[in-house]
Amino acid sequence: MTISHSEKINCTENQLWQLLLQKITNPENTIKEVSKSKILESFSDGYLREMIVSGLHIVERIIVSSETKEIIFNLVDNMEFEGYIINKIENKNDDVILTYLQEWKPKNSSIQYSQNQFLITIKNSVLAMKKLAEQNL
C-alpha cells in the first residue's frame, strides 16, 4: 500500500528541515497517534528509534540525507508490516513542498488494517508540521 500527502509550506526550506530533524526525536509533536518514542541508537547517517503508534509497536532505522532533504524511516523486524516512510522537502517553482510517503505491505494476508486510517495519520501529520512551520514565521 502506497499512500502520500503533500502540502505547500509557507516557510524556508531550512526552517522546515530543522523541524523535520526535531521530529525524529520528538515525533509526538506532529503525530498525535504516537504514545511513546525513544531513540535506541545513533549512527553517522541517522538513528534507530522505537515507537508506539496507534497501539502498533514500531522500530525504525532512520536515514537522514541533508543533501536531498529526505528522511527515510525503514521498518525493522516488524511482525505485521514491511516497508518505509519518506519525509521529503522539494522546491517547486519557489514553493516549499512537504511530502510524506508511506510504502507499507502486510507480511501476510491475514493482517487486518485500514488503509484509510494510515492515510488520515499521514495527512494529519503533514498538516500538523505545516501548522508548526508556519507559526514560527
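L48 is a good place to start: this leucine sits in strand β3, which covers residues 46-53. The model is a predicted one, so please read every value here as computed from predicted coordinates. Is L48 buried or exposed? With a relative accessible area of 18%, L48 counts as buried, because the cut-off for that word is under 20%.

Which residues surround L48? Leaving out residues up to four places away in sequence, L48 touches K38, I39, L40, E41 and F43, and also V59, E60, R61 and V76. For a sense of distance, you can look from L48 across to I85: the two are 37 residues apart in sequence, and their C-alpha atoms lie 14 Å apart in space.

Now move along to L56, which belongs to strand β4, residues 56-65. L56 has a relative accessible area of 14%, so it is buried as well, again being under 20%. Its contacts, not counting residues up to four places away in sequence, are M51, E80, F81 and W104. Between L56 and M79 there are 9.9 Å from C-alpha to C-alpha, with a separation of 23 residues in sequence.

With these two residues in mind, let us step back to the whole chain. The protein has two helices and seven strands. Follow the elements from the N terminus and you will meet them in the order β-α-β-β-β-β-β-β-α. Of the contacts between residues at least 6 apart in sequence, 49% join residues at least 24 apart.

What about the overall dimensions? The C-alpha atoms fill a box of roughly 45 × 35 × 25 Å along the principal axes. The radius of gyration is 15 Å, which agrees with a compact globule, because such a globule of 137 residues would have a value near 14 Å. Buried residues make up 40% of the 137.

Turning to the outside, the protein exposes about 7500 Å², and carbon and sulfur atoms supply 47% of that area. There are 15 positive and 18 negative side chains, and the centres of these two sets lie 4 Å apart.

Finally, how much confidence does the predictor place in all this? The average pLDDT is 92, and 96% of the residues score at least 70. Confidence is highest in strand β5 (residues 70-75), with a mean of 98, and lowest in helix α2 (residues 115-135), with a mean of 90. As a general reading tip, predicted coordinates should not be read in detail where pLDDT is low.

Conventions
Residues are numbered from 1 along each chain as its sequence is written. This is a predicted model: local features need pLDDT of at least 70, side-chain atom pairs count only at pLDDT 80 or more; totals for chains, interfaces and linings use all residues. Side-chain values use heavy atoms; hydrogens and water are left out. pLDDT is the predictor's confidence in each residue, from 0 to 100. Helices (H or I, at least four residues) and strands (E, at least two) are DSSP runs, numbered from the N terminus. The radius of gyration is taken over C-alpha atoms; the globule rule is 2.2 Å times the number of residues to the power 0.38. Buried means under 20% relative accessible area, exposed over 50%, partly exposed in between (1.4 Å probe, protein chains only). Contact means heavy atoms within 4.5 Å. Accessible areas come from the Shrake-Rupley method with a 1.4 Å probe; for residues, only the protein chains shown count as cover. Lys and Arg count as positive and Asp and Glu as negative; His and the chain ends are not counted. The place of a charge is taken as NZ of Lys, CZ of Arg, CG of Asp or CD of Glu.
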